[in-house]
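Q: Got a minute to go through this one with me? I'd like to start with the rings and then wander a bit.

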Amino acid sequence: MSNTDIANNDTLGFIIHDVARMMRWNFERRAHEYNLTRSQWSVLVLLSWENGAQQKRLADIIGVTAITMTGLVDRLERNDWVERRQDPQDRRAKRVFLTDKVEPLIEKIKLVGIEVRESALKGISASERQQLTDLLSRMRANLCAQNADTK
C-alpha cells in the first residue's frame, strides 16, 4: 500500500468501509421519521426473515453483546413491535417474535432500504451489480473460512 493510496483512501478496505458507512448514514437519515435506530431496524428485519429467533442468535448475527440485545428488544417490546416468549427447548432462552402492529413499519423500512441501495447503485448495470455481489460474497466466504480455521 503506497502513501498515495492511504492519502486518497483508495484501498479496498477503505472503500468498502466508506460505502458501508455512507449507506448506513443515508438509511438512518431517511428512516429518521419512523423513530427507529439502525440497530432496532436490523432486529426487525432479521425477525422478518426468521421470526421467533432466539435473542442470543439475534445478538450474534448483529454483532452485539447479549446485554445490548436485551436493551434493543426491551425498546422494541415497549413499542409493541415484538414480544418475547420462552423457548420450549431451553428454559433459559427467550425467543423474539414480531407483532402484527409492526408489519406496516417493516414494509416502509424495507422501501427505505431499497431506495438507499438503488441510490448507491445508480449508473451500475445489472451485470455489474451481479458481479459486485458475487465478488463481495466470495470475499465474505474467504474471511468466514479464515475465521473458522482460527477457532
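Q: How many aromatic pairs does a search of the whole structure find?
A: Just 1 aromatic pair turns up in the whole structure. Keep in mind that this is a predicted model. The partners are Phe27 and Trp41, with 4.6 Å from centre to centre and 45 degrees between the planes, so the pair counts as tilted: neither under 30 degrees nor over 60.

Q: Which parts does that pair tie together?
A: Helix 2 (residues 12-31) holds Phe27 and helix 3 (residues 38-49) holds Trp41, so the contact links parts that are 14 residues apart in sequence.

Q: And Phe27, buried or exposed?
A: Buried, because its relative accessibility is 6% and the cut-off for buried is under 20%.

Q: OK, switching to charges. Which ring does the charged end of Arg85 sit over?
A: That would be Phe97: the charged end of Arg85 is 3.8 Å from the centre of the ring.

Q: What stands opposite Arg85 in strand 3?
A: Another arginine, Arg95. Strand 2 (residues 82-87) and strand 3 (residues 90-98) run antiparallel and are joined by 6 bridges. A hairpin through 2 residues connects strand 2 to strand 3.

Q: What's the strand order in the sheet?
A: The order is 1-3-2, in an open sheet of 3 strands with antiparallel pairing. Strand 1 and strand 2 are at the edges with a single partner strand each, so each has one side without a neighbour in the sheet.

Q: How many bridges join strand 1 to strand 3?
A: There are 2, and those strands run antiparallel. Gln54 stands opposite Arg95 there, so Arg95 faces Gln54 on one hand and Arg85 on the other.Q: Moving to the core. Which residues have the most contacts inside the largest nonpolar core?
A: Leu36, Leu44, Leu47, Leu58, Val82 and Leu105, out of 25 residues in that core. At least two core residues come from each of helix 2, helix 3, helix 4 (55-62), helix 5 (66-78), strand 3 and helix 6 (103-120).

Q: Which element gives the most?
A: Helix 6, with 5 residues.

Q: What does Val82 touch, leaving out residues up to four places away in sequence?
A: Leu44, Leu47, Val73, Leu76, Glu77, Val96, Phe97, Leu98 and Thr99.

Q: Glu77 is on that list. Where does it lie?
A: Glu77 lies in helix 5. With a relative accessible area of 27%, Glu77 is partly exposed. Besides Val82, Glu77 touches Glu83 and Arg84, again not counting residues up to four places away in sequence.

Q: What separates the C-alpha atoms of Glu77 and Gln146?
A: A distance of 37 Å, and the two are 69 residues apart along the chain.

Q: Back to helix 4. Which residues are buried there?
A: Gln55, Leu58 and Ala59 are buried in helix 4. Their arc around the axis is only 100 degrees, which puts them on the same side of helix 4.

Q: And which ones are exposed on the other side?
A: Lys56 and Asp60 are exposed on the other side of helix 4.

Q: What covers the buried residues of helix 4?
A: The cover includes helix 3, strand 1 (53-54), helix 5, strand 2 and strand 3.

Q: Last one: what follows helix 4?
A: Gly63, with a positive phi near 85 degrees.

Note on methods. Residues are numbered from 1 along each chain as its sequence is written. This is a predicted model: local features need pLDDT of at least 70, side-chain atom pairs count only at pLDDT 80 or more; totals for chains, interfaces and linings use all residues. Side-chain values use heavy atoms; hydrogens and water are left out. Rings of Phe, Tyr and Trp (its six-membered ring) pair if their centres lie within 6.5 Å; planes under 30 degrees apart count as stacked, over 60 as edge-to-face and the rest as tilted. Helices (H or I, at least four residues) and strands (E, at least two) are DSSP runs, numbered from the N terminus. Buried means under 20% relative accessible area, exposed over 50%, partly exposed in between (1.4 Å probe, protein chains only). A charge sits over a ring if NZ of Lys or CZ of Arg is within 6 Å of the ring centre and within 35 degrees of the ring normal. Two strands pair if DSSP finds at least two bridges between them. A nonpolar core is a set of buried Ala, Val, Leu, Ile, Met, Phe, Trp, Tyr and Cys residues joined through side-chain atoms within 4.5 Å. Contact means heavy atoms within 4.5 Å. The arc is that of the directions from the helix axis to the C-beta atoms.
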